[in-house]
Amino acid sequence: MQVREIINLKGGTLFTATPKQLLGEAIDAMADFDVGSLVVMESGKMAGMLTFREVLQALKAHDSCPVGVTVGDVMVRDPVTVFPDMEVDDLRRLMIERHSRYLPVMDGGGTLMGVISFLDVAKAVLEEQSFENKMLKNYIKNWPEASQI
């Protein structure tokens, strides 16, 4: 399975913020849309990523009151990205090694296709394994008996 298949399963909906946006507004958006990350866009290009990890660090650094703090102050600049043809095993390994729960997917031309979460990967692998299991059971069920051979 490749990253492109996961993007196709989950869809390419992007939730975004801007670097100048107040962190409080971004937190509200994350809560409203029930997402753990926002792609930070500036001038039509990805400028960074904001995840709940950066939000928690910002809250701690500002005594739980990040008044005046912007997304650009706390976002991850130049996040690790992946490509659509990456195999899911390599993706999982990269996510674990880099402690990244969310990775932007970029096509060869630098266009952002979507964001893959660790949960998306888990769901896709589960679906793939369930399908394979079903096919194997069907194959075994229809296996000819020794007397028929």
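Visitor: Which strands and which helix each supply at least two residues of the lining of the largest pocket?

Guide: This is a predicted model. In it, strand E2 (37–42), strand E6 (112–117) and H6 each give at least two residues to that lining.

Visitor: Which residues lie nearest the centre of the largest pocket?

Guide: Start from the full lining, then go inward. The lining has 18 residues. Nearest the centre are Lys10, Phe15, Val35, Ser117 and Asp120. The pocket has a volume of about 350 Å³.

Visitor: How many residues of each class does that lining have?

Guide: Sort the lining residues by class. Here 9 are nonpolar, 5 polar and 4 charged.

Visitor: Now the second largest pocket. What is its volume, and which residues lie nearest its centre?

Guide: Its volume is about 260 Å³. The lining has 14 residues, with Arg53, Val76, His99, Ser100 and Tyr102 nearest the centre. By class, that lining splits into 7 nonpolar, 3 polar and 4 charged residues.

Visitor: Which element gives the largest share of this second lining?

Guide: Helix H3, with 3 residues. Strand E3 (45–51), helix H3 (52–61) and E5 each supply at least two.

Visitor: His99 lines that pocket. What phi does His99 take?

Guide: A positive one, of about 50 degrees. His99 comes just after H5.

Visitor: Then on to H5. Which of its residues are buried?

Guide: To read a helix, list its buried residues, then check their directions around the axis. In H5 (residues 88–97), the buried ones are Val88, Leu91, Leu94 and Met95. They span an arc of only 120 degrees around the axis, so they sit on the same side of H5.

Visitor: And on the other side of H5, are Ile96 and Glu97 buried or exposed?

Guide: Both Ile96 and Glu97 are exposed there.

Visitor: Which residues have the most contacts inside the largest nonpolar core?

Guide: Look for the residues that join many others. This core has 16 residues, and those with the most contacts inside it are Val3, Ile6, Val82, Leu91, Leu103, Ile116 and Val121. Helix H1 (3–10), H5, strand E5 (102–106) and helix H6 (118–141) each bring at least two residues to this core. H5 gives the most, with 4 residues.

Visitor: Take Ile6. Leaving aside neighbours within four places in sequence, which residues is Ile6 in contact with?

Guide: Met1, Val88, Leu91, Ile116, Asp120, Val121 and Ala124. Of these, Val88 and Leu91 also appear among the buried residues of H5.

Visitor: What lies apart from the largest core?

Guide: Another core, of 14 residues, including Ala17, Leu38, Ala58 and Val69.

Terms used: Residues numbered from 1 in each chain as written. Predicted model: local features only at pLDDT ≥ 70, side-chain atom pairs only at ≥ 80, totals over all residues. Heavy atoms only, no water. Buried < 20%, exposed > 50% of the residue type's maximum accessible area, 1.4 Å probe, protein only. Arc of directions from axis to C-beta. Core = buried A, V, L, I, M, F, W, Y, C linked by side-chain atoms within 4.5 Å. Contact = heavy atoms within 4.5 Å. 1 Å grid on protein atoms, 1.4 Å probe; cavity = no way out; pocket = protein on both sides within 12 Å on 5 of 7 lines; lining within 4 Å. Points joined across faces, edges and corners; volume = space filled by probe spheres on them. Nonpolar A, V, L, I, M, F, W, Y, C, P; charged D, E, K, R; others polar.
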